Amino acid sequence: MAGSVRDRVTAARPAGGTPAGRTVRSGPWLLTGHDGRLLAYTHVDGAVLRWTENRPGGPDWLGPDVLPVEGVSELTVAQGRNRYAHLVGRRVRGTGETAPAVDLVYAIQYQAGRPLSEWRSAGNPHAKRERTAQMGAPTAVVDTSGALHILVATAEGRLALRREDARGRWEPWLDLKVAAVLDAPAAVATSTGQTHLLAPTGTGALTWCQPRPGAVPERGPDPGVVPLPGSARGLETSPGRATFYLTDAVGGGAVAVRPGSWPVPLGGNPGDGRHAALATTLDGHPCTVLAHRDTEGRLVLGACGAEAEHHGVWWTDTGAVCQGDPVLAHDGLGRVVLMAQTEDGGLALARQDDGPGLTLGDWSLL
């Protein structure tokens, strides 16, 4: 981060940051565990790093714990309403003259600070091994029943879905029958049991929604915007309704999209990363908090009324410089928490101050 936080990052090594010799590949992810403690994850070469709050509300952290996973090139983390953390990765095995074997693997953390389950394979949607090397990064989402859904763009630009049934067994891969998908979709599991999806293409975006819990997702209306691949984040903004926040690849600004409605420009100057979004209550009103890294690498925070983006988003430059995508969560005391990766690969966070509106306290390091 900038200024004094940057000095504190340097002084804190090696006590709290990324272990020496590890390169951060992706993340962070920030989740609230079953007991109110926050869990932070990053993906590094050969492992996942996990930090756990010492107690709900902090400020002290335990970790990082090094959770080995070999060959995973891409990782995502999803959480259901039971607070289980599902880690899903794209694994590459084999070198040399033959095509590598690529599949999707997953592990589960059931309780804060406890070990992961063993990594298991969820297979891949390709019939031919040589095609798997062109499979994209996965997206994961957990519905209200606790069933994990994994989505991935195939070598042919199609979108494939595999999900667990009511007994936790994997159903066959589903082809959602589209073409030219450029990236894994953003996904939202709503409190009413449906999942909503938005995937970018070269000329626009595609959406899907389950007509009822457990059904196969069906195509929805095209939202009339060209998303920058990798920028979209979905959020349930009212019961059963999903809003996607993304960067307009044509105009460059942030945009809010609700399937069936016109896109709403939000302003801002987002860079090439993914937006963060969190539903919260500010001064007694339901609101949406947004965050992104701008084109100069600065961390920007925004807030607006829930589904009232057309009235404007209040943006503020936090004064912090980060790399990677910022993340938002509630801590065990209900405060908004903003986390981002520092310039040297560590993690820093700021929590909501007491008082009206949304103001953040001092940055601290994990």
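1. In this predicted model, the backbone nitrogen of L38 and a polar atom of the E53 side chain are 2.8 Å apart. E53 belongs to strand β3, which covers residues 47-53. With a relative accessible area of 0%, E53 is buried. Beyond its neighbours within four places in sequence, E53 is in contact with G36, R37, L38, G58, D60, W61 and R351. L38 thus appears both in the polar approach to E53 and in the list of contacts of E53.

2. A second buried position to inspect is L159, located in strand β11. Its relative accessibility is 0%, and L159 therefore counts as buried, the limit being under 20%. When residues up to four places away in sequence are not counted, L159 touches L151, V152, A153, L174, D175, L176, V178, V181, P185 and W208. P200 lies 41 residues from L159 along the chain, and the C-alpha atoms of these two residues are separated by 11 Å.

3. W208, one of the residues touched by L159, also takes part in an arrangement with a charged residue. The charged end of R219 sits over the ring of W208, at 5.9 Å from the ring centre.

4. The structure contains 2 aromatic pairs. In one of them, the ring centres of Y84 and Y110 are 4.8 Å apart and the planes meet at 85°, so the pair is edge-to-face. Y84 is in the loop between β5 (72-79) and β6 (85-93), whereas Y110 is in the loop between β7 (101-109) and β8 (120-123); the pair links distant parts of the chain, 26 residues apart. Y84 counts as partly exposed at 30% relative accessibility, and Y110 counts as partly exposed at 40%.

5. Y106 and W170 also form an edge-to-face aromatic pair, with 5.4 Å from centre to centre and 75° between the planes. Y106 lies in strand β7 and W170 in the loop between β11 (159-163) and β12 (174-175), so the pair ties together parts of the chain 64 residues apart in sequence. Both Y106 and W170 are buried.

6. The largest nonpolar core comprises 20 residues. Those with the most contacts inside this core are A291, L299, L301, L328, L338, L358 and W363. At least two core residues come from each of β21 (276-282), β22 (285-293), β23 (298-305), β26 and β27 (347-351). As general background, nonpolar side chains tend to be buried together in soluble globular proteins.

7. L338 merits a separate look within this core. Leaving aside neighbours within four places in sequence, L338 is in contact with A291, L299, L301, T318, P326, V327, L328, A348, L349, A350, L360 and W363. A second, separate core has 16 residues, including W29, Y41, L67 and L87.

8. Strand β26 (residues 336-341) is joined to strand β25 (residues 323-330) by 5 bridges, and the two strands run antiparallel. H330 has V336 of β26 as its bridge partner. The two strands form a hairpin with 5 residues between them. In the turn, G334 has a positive phi of about 85°.

Note on methods. Residues are numbered from 1 along each chain as its sequence is written. This is a predicted model: local features need pLDDT of at least 70, side-chain atom pairs count only at pLDDT 80 or more; totals for chains, interfaces and linings use all residues. Side-chain values use heavy atoms; hydrogens and water are left out. Rings of Phe, Tyr and Trp (its six-membered ring) pair if their centres lie within 6.5 Å; planes under 30 degrees apart count as stacked, over 60 as edge-to-face and the rest as tilted. Helices (H or I, at least four residues) and strands (E, at least two) are DSSP runs, numbered from the N terminus. Buried means under 20% relative accessible area, exposed over 50%, partly exposed in between (1.4 Å probe, protein chains only). A charge sits over a ring if NZ of Lys or CZ of Arg is within 6 Å of the ring centre and within 35 degrees of the ring normal. Two strands pair if DSSP finds at least two bridges between them. A polar contact is a pair of N or O atoms within 3.5 Å; within protein, one must be able to donate a hydrogen and the other to accept it, and residues adjacent in sequence count only if both atoms are side-chain atoms. Contact means heavy atoms within 4.5 Å. A nonpolar core is a set of buried Ala, Val, Leu, Ile, Met, Phe, Trp, Tyr and Cys residues joined through side-chain atoms within 4.5 Å.
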